[in-house]
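Let us walk through this structure together, one region at a time. Keep the 3D view open and turn it as you read.

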Amino acid sequence: MNETNSSVTRKRRRKNDKPGDGDDDDDSIQNQGTKKKELSGFLTSLLLLEEQQKRDQEELDRASEEEKLSLEANQKKKTKAMLEYYTNFQDYYDDAEESERIKRKKSRAMAGAVAVAAASDGLEKVHTDKVLKAGAGGGSQSQQRRLWVKDRSGAWWDECNRPDFPEDEFKKAFRMGRATFDLICEELNSVIAKEDTTLRNAIPVRQRVAVCLWRLATGDPLRLVSKKFGLGISTCHKLILEVCTAIKTVLMPKYLQWPDETTLRNIKGEFESISGIPNVVGSMYTSHIPIIAPKISVAAYFNKRHTERNQKTSYSITVQGVVDPRGVFTDVCIGWPGSMPDDQVLEKSALYKRAEKGLLKGVWIVGSSGYPLMDWVLVPYTQQHLTWTQHAFNEKIGEVQKVAKDAFARLKGRWCCLQKRTEVKLQDLPIVLGACCVLHNICELRNEELDPELKFELLDDEMVPEVALRSASSMKARDAIAHNLLHHGLAGTSFL
């Protein structure tokens with residue numbers, strides 16, 4: 001009986017336990033469903049977030065591309081407008097030059113007519129005198145006519161040309177030693193040498209070169225150059241242009257050319273040792289040369305910045321140059337009007353066309369803040385509130401900029417004609433300025449030191465271009481260079 005009761009009791013317990021177990025299973029299933037819903041919601045959120053990020057990136061890329069296209073379109077319009085303007089300016093210039101040529105031709109014709117009339121009168125007078133003398137029975141023979149030439153003293157040049165003339169005095173007069181002077185004379189001899197005539201002896205090559213170098217070195221007026229060398233003013237003017245043209249024709253291809261690949265590798269290494277910035281092949285600068293107000297297109301040559309600083313109306317033309325680590329010019333662009341900012345002068349240069357053809361791919365030319373940041377032009381940061389990294393980059397790029405600025409300071413210090421308004425006509429100025437750049441290179445390559453008294457301080461104002469950024473990839477490349485300079489300990493030392 002007791003066993004029967006025990007079995008009944010166990011059965012009742014089993015029945016009572018079963019409902020409890022079922023409740024636990026339901027709770028477990030419910031928890032699993034909740035977790036699945038939460039996980040599904042989390043995954044959905046991630047997918048939505050990723051999709052949103054993708055759309056934002058596409059929108060950002062689209063906006064960047066539109067901005068790039070807009071900048072390129074504006075730049076093309078601006079370049080086209082400037083090209084049309086200066087094309088019209090050149091037409092005006094050609095017309096004026098043609099008009100002046102016709103006037104000179106008429107003037108020469110009139111002068112010739114007057115000379116013929118005067119000669120005829122003279123011959124009649126001589127003939128009359130002869131008749132009178134013959135009638136008087138003098139029987140004396142008439143004297144032979146001679147060519148009249150003004151007697152001028154060339155004692156100063158004769159003294160300089162003596163072998164025992166002091167080297168220091170020679171260098172002070174011509175900005176170079178006698179050996180360099182002799183080299184230039186030898187190079188130009190076949191081009192500028194003239195033959196003697198029955199009327200007069202030709203001016204020697206050494207004196208021709210000396211007249212040109214003295215004029216370029218001192219910037220003295222032709223009147224003073226004439227007295228110094230015992231030559232006529234018009235003769236000196238002609239000699240200077242002939243020698244400068246010969247320098248540009250004969251010496252420029254030899255002493256002022258873009259470097260070859262081997263030389264470029266050496267230049268990169270030297271610039272990197274100076275600044276820590278890799279792949280730099282040149283330092284670029286643009287300077288202004290004062291001129292007398294031109295007769296045409298006066299506004300194009302008006303230099304507003306120099307006028308405001310000097311409180312005097314100023315006109316100028318530009319000289320853009322790229323130099324290597326020694327300060328030797330490897331590229332020049334000469335003659336654009338002084339009203340043009342640096343970035344527009346760059347766009348007109350042969351250097352810019354070389355870059356458009358892809359010949360400057362993978363290298364940098366360092367410029368000032370007056371140039372735009374491009375795929376091949378590296379410039380400092382110009383915005384306010386620079387970071388430490390940007391400050392450090394500007395510090396190092398400034399060392400490369402200084403190379404070009406110092407080269408231009410030596411150019412203007414050595415050839416003082418570049419410091420003052422010159423008597424040379426506007427159309428002849430590029431030839432004279434090109435000759436100065438070539439002579440600068442010869443002096444630098446031959447280690448001709450500049451007299452400290454001739455040191456010149458440049459005062460060229462820099463203006464940030466309207467479109468300072470021409471390439472998004474170049475901005476990223478500049479940031480990477482700045483980061484590497486700072487974090488490899490190559491920059492930022494002035495802040496420590």
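A good place to begin is F408, which has a relative accessibility of 1% and therefore counts as buried, the cut-off being under 20%. Please keep in mind that you are looking at a predicted model. F408 belongs to helix α13, which covers residues 388–414. Which residues does F408 touch, apart from those up to four places away in sequence? They are Y285, S287, V319, Q320, G321, F329 and L458. There is also G327, whose C-alpha atom is 8.3 Å from that of F408, although 81 residues separate the two along the chain.

Now step back to the whole chain. The protein chain has 15 helices and 5 strands. It is 496 residues long, and 37% of them are buried. Among contacts with a separation of 6 or more, 71% link residues that are 24 or more positions apart. The accessible surface of the chain is about 30,300 Å², and carbon and sulfur atoms account for 53% of this surface.

Next, find the strands. In what order do the 5 strands lie in their sheet? The order is β3-β2-β1-β4-β5, in an open sheet with mixed pairing. Strands β3 (329–337) and β5 (377–378) are at the edges with a single partner strand each, so each has one side without a neighbour in the sheet. As a general point, the strands of a sheet are paired by hydrogen bonds of the backbone, in either a parallel or an antiparallel way.

Both kinds of pairing can be found here. Strand β1 (residues 280–291) runs parallel to β4 (residues 364–366), and 3 bridges join them; V280, for instance, has W364 in β4 as its bridge partner. Between β1 and β2 the pairing is antiparallel, with 9 bridges, and there I291 faces Y315 of β2. Strands β2 and β3 are antiparallel too, joined by 6 bridges, with V319 partnered by I334 in β3. These two strands form a hairpin with 5 residues between them, where G327 has a positive phi near 85°. This is the G327 whose C-alpha atom lies 8.3 Å from that of F408.

Strand β2 deserves a closer look. Why is β2 described as largely enclosed by the rest of the structure? The reason is that 9 of its 9 residues are buried. In a regular strand, side chains alternate between the two faces of the sheet. In β2, Y315, I317, V319, G321 and V323 point one way, while S316, T318, Q320 and V322 point the other way, and all are buried. Helix α14 (residues 429–445) lies across β1, β2 and β3, and runs at about 160° to β3.

Just before β2 comes S314, in the loop between α10 (304–310) and that strand. With a relative accessible area of 14%, S314 is buried. Beyond its neighbours within four places in sequence, S314 contacts Y301, F302, N303, H306 and T307. Another loop, between β1 and α9 (298–301), holds S297; this residue is not a glycine, yet it has a positive phi of about 50°.

Let us turn to the nonpolar interior. The largest nonpolar core has 100 residues, and F174, W376 and W415 touch the most other members. The most generous contributor to this core is helix α7 (residues 233–255), which provides 11 residues. Setting aside neighbours within four places in sequence, W415 contacts F174, R175, M176, L213, L216, A217, C436, L439, H440 and C443. One of these contacts, R175, sits in the loop between α3 (167–174) and α4 (178–192). R175 has a positive phi of about 65° without being a glycine, and its relative accessibility of 11% means that it counts as buried.

Finally, how do helices α5 and α7 meet? Helix α5 (residues 205–218) packs against α7 at an angle of about 95°, and their axes are 9 Å apart. The two helices are therefore roughly perpendicular to each other. On the α5 side the contact is made by R208, V209, V211, C212, R215 and L216, and on the α7 side by C236, L239, I240, E242, V243 and C244. L216 also appears among the contacts of W415.

Note on methods:
Residues are numbered from 1 along each chain as its sequence is written. This is a predicted model: local features need pLDDT of at least 70, side-chain atom pairs count only at pLDDT 80 or more; totals for chains, interfaces and linings use all residues. Side-chain values use heavy atoms; hydrogens and water are left out. Two strands pair if DSSP finds at least two bridges between them. Helices (H or I, at least four residues) and strands (E, at least two) are DSSP runs, numbered from the N terminus. Contact means heavy atoms within 4.5 Å. Axes are lines fitted to C-alpha atoms, for helices over the stretch in contact, and angles run from 0 to 180 degrees between N-to-C directions. Buried means under 20% relative accessible area, exposed over 50%, partly exposed in between (1.4 Å probe, protein chains only). Accessible areas come from the Shrake-Rupley method with a 1.4 Å probe; for residues, only the protein chains shown count as cover. A nonpolar core is a set of buried Ala, Val, Leu, Ile, Met, Phe, Trp, Tyr and Cys residues joined through side-chain atoms within 4.5 Å. Angles under 35 degrees count as roughly parallel, over 145 as roughly antiparallel, 65 to 115 as roughly perpendicular and the rest as oblique.
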